[in-house]
Every structure is written in C-alpha cells, then in structure tokens.
Amino acid sequence: MDIIDFHIHSNHSFDSNAGMEDVCEAAILKGVKEICFTEHFSLNPVVPTYGHMNFESYFKEIENCRKKYESQLMIKAGIEICEPHQRIEEYKEQLKSFEFDFILGSVHNIDQKKLRIFLENKKSTSAYGEFFAEVYQMICLADIDIIAHLDLLKRYAFNSIGNLNFKECKEQLVAILEKAIARNIGIEINTSGLRGKINESLPSYEILKLYKDLGGEILTIGSDAHTPETVGSHFEEALQMAKECGFNYIYSFKQRTPIAISAY
Ligand SMILES: [Zn+2]
Ligand SMILES: [Zn+2]
C-alpha cells in the first residue's frame, strides 16, 4: 500500500507550527511515498489566514526539502484556497507566477463568517443546504483540482444540528458531483474526521460511493495534518473505503495534471 498524502499543512499555514523538514522526516519514518503541502491561502481580509502566506519562502523551503530528501520522498507544492470562487481574477493574478502541482478548493466561510459562527443560530439541517449551495458555486466557477473535505460542515454541526442526512441532501450532492466530473475536478478522502469525535471521513462513504456511481474517477487522499505526527494517518481505512466503492486508482498531481496510481 503506497501512502500518497495530498493534504498537509506546515507552519506556512496560520494554524500550524509544523516545520516542513519535520513533516518530511515524519513522513519518511512512516513509509509515506509522496506528500503534497497544501497551505491555507485567502485573499479575503476577513478570514484568519489572510496575509500569512509568503510564497517566496514557501517555494524556497520546498526546494530545500526536495534536495534534502530526494531519494526518500516525493514532495509536491500545493495550496488550499478558501472560497476560490470569489475573487477569481485576483487569485489568477496572484498565483500565475508560481508553479503549483495541486490546488485544493475549500468552503471554510459562508457570508464572510467562519462555519462555526455561521452555524450559531441555525436550528435545522437546512444549514447543510446553504453549505452545499456554496460548494456548488465553487465547483461551477473556481479553478481548482480537488474539492477539499466536501461535507466539512458536519465537523461543526455534529454537536448541534447533527450529522449530515445523506438522503436529504442527495439532490444537491448529485448536482455538485456531476458538475465536478464535467469540469474534471476530483474529490478527496480527508481522513481528519477519523481522528475526531465524528469518527468518519470527509466526505462520508455514501458520498464517495455516489461520486463513483456518477462516473467520478479523480480521487486523492489527504490527512489534513497540521502536525508531523498526523501525516499519513488513517490511510488504511481510506484505501479500504475507496476499494469498497470501486476505485482502482488513487491520484497524485504534478503541475496540476492528475496521475493515476494503482493503490492496492
Ligand atoms: Zn480545509
Ligand atoms: Zn487543510
């Protein structure tokens, strides 16, 4: 089983203290074959990540790690953009001079509010409808490779309005996944949920299976690690899930081109 972890944060993200070299060394110790750093990035001044990313030092450190760990670990350069469907032209302008392997698109905020705040006065599961409407906008408009943690709202809603009801949201999920497939955008199995109270991946098995049934192929797996210890965590479960859903390949990316890798 090859572990290819395509969602990792280092201290180039506002919410991580992990040094890139420490992340690489932890990955090598775990037998991880390939990693992609996907640092938070936003051009929206109200979100906490705004202004944190320094691309020059990010790429310089990536280059150093590539040299240092050349024979042991493949290292890709990625980014996780908050609401990339807003300010599309600004993102294009900002990112055009850098050579990214991979871009994750995330909905972390709705109406300029963090999801946790957005949820505060919501009483019903219709909040999921609002969340997926935002994800749908992202899928229609953004220039991204993979949708990060597709059902992320459940992480914050789990203790209040409850977990996602797949049947209630199925129509919206079909629309999102069909649009993603048409635009050649994939999804990820984000294993961070398996480390938390919710105890399931993001997205859930049902959504992954729906993606496959609709013809989806492009699939990455990411730990969403913010510490060296969590790099490559719960990949066994994720791969098992992918296998059960009928996926024969897991994907890596190079210069934003998907590369199918036989996973089992
Ligand atoms: Zn995220
Ligand atoms: Zn992340």
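## Worked exercises on a predicted zinc-bound model

Both His 108 and His 149 are buried. The model is predicted. The exercises start from these two histidines and move outward.

### Exercise 1. The zinc site

Task: find which residues coordinate the zinc ion (ligand 1), and through which atoms.

Solution.
- Step 1. List the donors. They are Glu 80 through OE, His 108 through NE2 and His 149 through NE2.
- Step 2. Check the distances. They run from 2.1 to 2.2 Å. The cut-off for a donor atom is 2.8 Å here, so these contacts qualify.
- Step 3. Read the spacing along the sequence. The pattern is E-x27-H-x40-H.
- Step 4. Place the two histidines. His 108 is in the loop between strand S4 (102-106) and strand S5 (109-110). His 149 is in the loop between strand S7 (146-147) and helix H6 (153-157). They are 41 residues apart, and the pair links distant parts of the chain.
- Step 5. Look for a second metal. The zinc ion (ligand 2) is 3.4 Å from the zinc ion (ligand 1). Glu 80 coordinates both.

### Exercise 2. Backbone angles

Task: say where Glu 83 and Gln 112 sit, and decide for each whether the residue is buried, partly exposed or exposed.

Solution.
- Step 1. Take Glu 83. Its phi is near 45°, a positive value in a residue other than glycine.
- Step 2. Place Glu 83. It lies in the loop between strand S3 (74-82) and helix H3 (88-95).
- Step 3. Classify Glu 83. Its relative accessibility is 4%, so it counts as buried.
- Step 4. Take Gln 112. It is not a glycine either, yet its phi is positive, at about 70°.
- Step 5. Place Gln 112. It is found in the loop between S5 and strand S6 (113-114).
- Step 6. Classify Gln 112. At 49% relative accessibility it counts as partly exposed. The limit for exposed is over 50%, so 49% does not reach it.

Task: identify the peptide bond that is cis, and place its proline.

Solution.
- Step 1. Read omega. It is near 0° for the bond from Leu 202 to Pro 203, and this bond is cis.
- Step 2. Place Pro 203. It is in the loop between strand S8 (186-190) and helix H8 (205-213).

### Exercise 3. Charges

Task: state how many salt bridges the model has, then work through examples.

Solution.
- Step 1. Give the count. There are 13 salt bridges.
- Step 2. Start in helix H8. Asp 213 and Lys 209 meet at 3.0 Å, N to O. Both lie in that helix, four residues apart, about one turn.
- Step 3. Classify this pair. Asp 213 is exposed, because its relative accessible area is 54%. Lys 209 is partly exposed, because its value is 29%.
- Step 4. Take Lys 212 and Glu 217, which meet at 2.8 Å. Lys 212 has 19%, so it is buried. Glu 217 has 32%, so it is partly exposed.
- Step 5. Take Lys 96 and Glu 93. Their closest N and O atoms are 2.9 Å apart. Lys 96 is exposed, because its relative accessibility is 60%.
- Step 6. Look for a network. Glu 63, Arg 66 and Asp 101 are linked by salt bridges.

Task: name the residues of the positive surface patch, and place Arg 155.

Solution.
- Step 1. List the members. They are Lys 30, Lys 114, Arg 116, Arg 155 and Arg 195.
- Step 2. Place Arg 155. It is found in helix H6.
- Step 3. Classify Arg 155. Its relative accessibility is 36%, so it counts as partly exposed.

Methods. Residues are numbered from 1 along each chain as its sequence is written. Chains are lettered from A and ligands numbered from 1 in the order in which they are written. This is a predicted model: local features need pLDDT of at least 70, side-chain atom pairs count only at pLDDT 80 or more; totals for chains, interfaces and linings use all residues. Side-chain values use heavy atoms; hydrogens and water are left out. Donors are N, O and S atoms within 2.8 Å of the metal (3.2 Å for Na, K and Ca); water is not among the atoms, so sites may look incomplete. Helices (H or I, at least four residues) and strands (E, at least two) are DSSP runs, numbered from the N terminus. Buried means under 20% relative accessible area, exposed over 50%, partly exposed in between (1.4 Å probe, protein chains only). Patches are made of residues with over 30% relative accessible area and no salt bridge: like charges are joined within 9 Å, nonpolar side chains (Val, Leu, Ile, Met, Phe, Trp, Tyr) within 5 Å. Accessible areas come from the Shrake-Rupley method with a 1.4 Å probe; for residues, only the protein chains shown count as cover. A salt bridge is a side-chain nitrogen of Lys or Arg within 4 Å of a carboxyl oxygen of Asp or Glu. Lys and Arg count as positive and Asp and Glu as negative; His and the chain ends are not counted. The place of a charge is taken as NZ of Lys, CZ of Arg, CG of Asp or CD of Glu.
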